[in-house]
Number of protein chains: 4
Amino acid sequence: MGIKDRRKREGVIIRKKIIEAATELFAQAGYENVSMRKIAAKIEYSPPTLYIYFKNKREILFELLKQGYALFYEAIKSTYDQNKDKDFRNKMLETLRSYVKFGDENKEYYKLMFIHNIDETEQVIGRDNDRYRGFEVLVMLVKEGIADGVINRSDPILLSQSIWAGLHGITALLNTFDKFPWVEKERIIDFHLNMIINGVSNKK
Amino acid sequence: MGIKDRRKREGVIIRKKIIEAATELFAQAGYENVSMRKIAAKIEYSPPTLYIYFKNKREILFELLKQGYALFYEAIKSTYDQNKDKDFRNKMLETLRSYVKFGDENKEYYKLMFIHNIDETEQVIGRDNDRYRGFEVLVMLVKEGIADGVINRSDPILLSQSIWAGLHGITALLNTFDKFPWVEKERIIDFHLNMIINGVSNKK
Amino acid sequence: MGIKDRRKREGVIIRKKIIEAATELFAQAGYENVSMRKIAAKIEYSPPTLYIYFKNKREILFELLKQGYALFYEAIKSTYDQNKDKDFRNKMLETLRSYVKFGDENKEYYKLMFIHNIDETEQVIGRDNDRYRGFEVLVMLVKEGIADGVINRSDPILLSQSIWAGLHGITALLNTFDKFPWVEKERIIDFHLNMIINGVSNKK
Amino acid sequence: MGIKDRRKREGVIIRKKIIEAATELFAQAGYENVSMRKIAAKIEYSPPTLYIYFKNKREILFELLKQGYALFYEAIKSTYDQNKDKDFRNKMLETLRSYVKFGDENKEYYKLMFIHNIDETEQVIGRDNDRYRGFEVLVMLVKEGIADGVINRSDPILLSQSIWAGLHGITALLNTFDKFPWVEKERIIDFHLNMIINGVSNKK
DNA sequence: AATGAATGAGGCTTCATTCAT
DNA sequence: TATGAATGAAGCCTCATTCAT
């Protein structure tokens with residue numbers, strides 16, 4: 001391996017360190033309240049060093065979001081795949097649950113990706129990203145459900161949007177209102193997911 | 001009317017102008033990104049003037065939130081009251097709709113009250129406010145529904161939290177993702193509300 | 001008594017209140033750290049009211065100093081007069097003590113008059129004031145002492161300046177270094193005054 | 001010399017320039033009346049640059065005081081050492097003179113260290129500093145004088161405090177009242193120092 | 001006599017970013 | 001690659017003061 005490659009690899013490592021530090025700080029204090037200095041301090045480099053790896057603060061956010069979207073899509077898709085052969089209701093339940101779980105386990109990412117709408121976030125979109133690919137999995141799932149006779153025969157897009165709203169609602173509230181006296185977390189999530197599925201299902 | 005009264009009233013008007021300007025700016029750009037300078041510029045006063053009417057930036061936010069909570073509660077409670085005598089499902093539908101409608105018609109308030117969670121917001125609570133009184137209306141409604149036999153016999157708190165999550169989901173997404181290709185707004189809202197009610201109802 | 005007189009008298013009262021409030025605040029926090037607002041708040045008037053009675057902040061200081069100088073001179077002169085008939089050493093001791101006592105009992109005034117040298121304080125001088133009239137008492141005393149054979153035959157001005165320095169030293173240090181581990185206050189003062197007198201006296 | 005060293009040295013130079021500018025300004029106008037802007041202007045840098053070298057305004061004062069205390073102690077101690085072998089009265093005279101001389105030649109430092117008592121100054125103490133080590137030299141001297149039979153047999157602490165007050169008096173007055181019609185400076189200082197020594201000496 | 005309203009100037013400080021090394 | 005040095009812009013906020021009423 002040449003010297004060039006080693007350097008490149010080191011560069012990648014530092015980029016990663018920056019992203020990690022930024023993710024943590026952004027989540028704790030909010031994008032606006034985190035300065036380049038603070039990110040630099042956290043990784044024990046000087047502020048100008050960040051500019052070697054990222055054009056500016058926004059680019060750090062963008063990269064971070066891109067990675068977040070990828071993780072997000074991966075989480076949902078793999079759950080869907082792993083439950084491919086279960087009966088539909090369970091497959092759906094687990095896939096929806098993976099959405100909420102992602103938000104719960106990656107509060108920082110979820111906040112930045114789906115709750116806050118940072119100024120120019122839209123600009124990341126269009127650049128190839130996985131932001132809405134999770135939604136496509138949902139549409140697919142819904143279509144299966146209709147074919148299966150479980151989900152009621154409506155516009156799959158409409159259904160998917162409604163379901164997404166249901167998922168986002170619980171995920172966002174648990175994230176944002178962490179001091180609200182929720183009933184036990186597993187219980188409210190489970191109840192809510194079933195409520196959603198019931199809400200879109202044919203009555204027996 | 002004495003001179004004193006006129007002056008006082010003028011003061012009240014400026015306070016109102018400040019709140020309005022701040023509401024708009026905070027919602028657009030986020031609390032952290034709005035400076036006193038910017039608020040002052042928007043109402044065409046000098047920055048120090050703001051400090052005549054509000055102790056500091058936080059107090060502007062507090063006042064704004066307080067007003068928002070009051071409007072919010074009023075919107076929901078009055079809808080509930082006006083539909084008191086309708087059959088339960090319609091009463092519920094209209095009350096839930098009033099939540100989404102409030103969020104849709106007061107995007108800035110909704111964002112500040114329920115989407116962003118500004119650090120200091122928690123401090124407003126405790127000071128008498130209407131933040132969670134809307135939730136109490138919901139609990140009441142749910143209990144009626146259970147008594148009525150429409151809503152399934154579960155923990156009313158659990159049910160209410162789930163419904164709230166459902167409502168917040170659609171309200172927040174429409175607010176935040178205004179560039180997403182939603183199906184027609186009235187349609188998705190209507191569908192979603194019915195989905196929620198179905199989701200918590202006894203099957204016939 | 002006419003209405004005009006009453007008003008005038010009321011004006012005098014408010015002026016006095018302002019001076020009192022200012023004296024206290026200046027002494028506590030230093031001239032620079034006291035704002036017109038704070039003075040106004042202390043007497044429960046609005047800031048512009050102060051400008052009815054004083055041209056500006058400096059004028060408040062000047063007035064205050066003028067009063068301080070008067071009190072100072074009065075304290076020393078009256079002590080001198082009251083001890084006119086005692087033997088010289090005691091007369092001197094008591095007069096010198098009255099200087100230190102004034103500084104101890106009027107810390108705020110002493111600080112403003114003799115320790116800090118606020119910007120334009122010099123401007124107060126020239127306006128008739130009692131700043132240096134205390135010094136004249138001292139010169140008089142010294143001359144008496146020389147005539148009396150107690151104080152050594154030197155330039156009375158030189159002697160007086162040296163004595164003043166001695167007095168200022170203890171007064172200022174006790175005022176400024178209130179956390180220094182002084183021996184008991186009465187004791188150090190008494191010792192110091194005797195030291196001064198011995199220092200300028202003929203040896204027996 | 002490496003690049004790093006040169007940079008470091010340049011940094012040290014700027015720190016020094018800041019301290020010098022601040023010393024002059026603080027002494028002239030008082031700590032409270034000197035703004036970071038003004039210090040920056042004096043050294044022809046932008047205000048934020050100061051924050052590269054000092055955390056905040058207070059730290060500039062602290063550093064400055066620390067240096068002043070060191071210079072002060074050094075001045076007195078070295079004089080004492082240099083006169084170790086002279087007869088006691090001369091040793092004492094020269095040591096006391098070095099105090100006054102320090103104050104005369106370092107008016108700004110003396111003002112900041114012993115005349116003004118800036119709120120936060122107390123906080124520098126405790127951090128290792130030389131503020132009161134000069135006083136210890138004085139105590140030592142006094143004890144020698146007692147042993148020597150020159151100084152009268154009193155509490156050495158009491159004696160030292162009284163002498164300090166004497167020294168501070170002349171130093172502070174000459175510093176603060178530079179427009180007062182003093183007799184010739186050398187003369188008043190010399191007279192005053194002898195007055196102090198006589199004041200604490202045994203009569204022959 | 002008294003004060004609500006208003007502001008230009010300026011206080012301390014942090015920011016994102018650039019540049020030379 | 002890495003960073004010391006530097007800064008224009010801007011953050012929140014307080015000040016002394018004026019003016020119309």
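How many residue pairs are in polar contact across the interface of chain A and chain B? The rule finds 11 of them, with both residues at pLDDT 80 or more. Keep in mind that this is a predicted model.

## Where A meets B

Let's start with the footprint. Chain A puts 44 residues into the contact, and chain B puts in 44 residues as well. Between them the two chains bury about 4,100 Å², and 68% of that area sits on carbon and sulfur atoms. On the chain A side, the residues that lose the most area to chain B are A:Gln161, A:Phe177 and A:Phe191, which together make up 15% of what that side buries.

The polar side of the story has charged pairs too. The rule picks out 2 salt bridges across the interface of chain A and chain B. One of the salt bridges to look up joins A:Asp155 to B:Arg187, with 3.4 Å between the closest N and O atoms.

## What chain A brings to the contact

Which helices of chain A each supply at least two residues to the side that touches chain B? They are helix 6 (107–115), helix 9 (156–176) and helix 10 (185–200). Helix 9 of chain A gives the most, with 14 residues on that side.

Sorted by class, the side of chain A that touches chain B holds 23 nonpolar, 13 polar and 8 charged residues.

## How A and B are related

Now for the symmetry. Chain A superposes on chain B with an RMSD of 0.6 Å after a rotation of 178° and 0.2 Å of shift along the axis. The two copies are thus related as by a two-fold rotation axis.

If you want to find that axis in the viewer, go to A:Gly169: in chain A, its C-alpha is the nearest to the axis, 1.5 Å from it. The same surface serves both copies, as 100% of the contact residues of chain A recur in chain B.

## The C and D pair

On to the other pair of chains. Here 44 residues of chain C are in contact with 44 residues of chain D. The buried area between chain C and chain D comes to about 4,000 Å², and carbon and sulfur atoms give 68% of it.

For chain C and chain D the count is 2 salt bridges, and D:Asp155 and C:Arg187 meet in a salt bridge with their side chains, at 3.4 Å from N to O. There are also 11 residue pairs in polar contact between chain C and chain D, both residues being at pLDDT 80 or more. On the chain C side, the elements that give two or more residues to the contact with chain D are helix 6 (107–115), helix 9 (156–176) and helix 10 (185–200). Helix 9 of chain C has the largest share, 14 residues. By class, that side of chain C divides into 23 nonpolar, 13 polar and 8 charged residues.

## How C and D are related

What turn lays chain C on chain D? A turn of 178° does it, along with a shift of 0.2 Å along the axis, and the RMSD is 0.6 Å. Of the residues of chain C, C:Gly169 comes closest to the rotation axis, with its C-alpha at 1.5 Å.

Why do the copies meet through the same surface? Because 100% of the interface residues of chain C are also interface residues in chain D.

Terms used:
Residues are numbered from 1 along each chain as its sequence is written. Chains are lettered from A and ligands numbered from 1 in the order in which they are written. This is a predicted model: local features need pLDDT of at least 70, side-chain atom pairs count only at pLDDT 80 or more; totals for chains, interfaces and linings use all residues. Side-chain values use heavy atoms; hydrogens and water are left out. Contact means heavy atoms within 4.5 Å. Buried area is the accessible area (1.4 Å probe) that two parts lose on being put together, summed over both. A salt bridge is a side-chain nitrogen of Lys or Arg within 4 Å of a carboxyl oxygen of Asp or Glu. A polar contact is a pair of N or O atoms within 3.5 Å; within protein, one must be able to donate a hydrogen and the other to accept it, and residues adjacent in sequence count only if both atoms are side-chain atoms. Helices (H or I, at least four residues) and strands (E, at least two) are DSSP runs, numbered from the N terminus. Ala, Val, Leu, Ile, Met, Phe, Trp, Tyr, Cys and Pro count as nonpolar, Asp, Glu, Lys and Arg as charged, and the others, Gly among them, as polar. Copies are superposed by least squares on the C-alpha atoms of residues with pLDDT of at least 70 in both.
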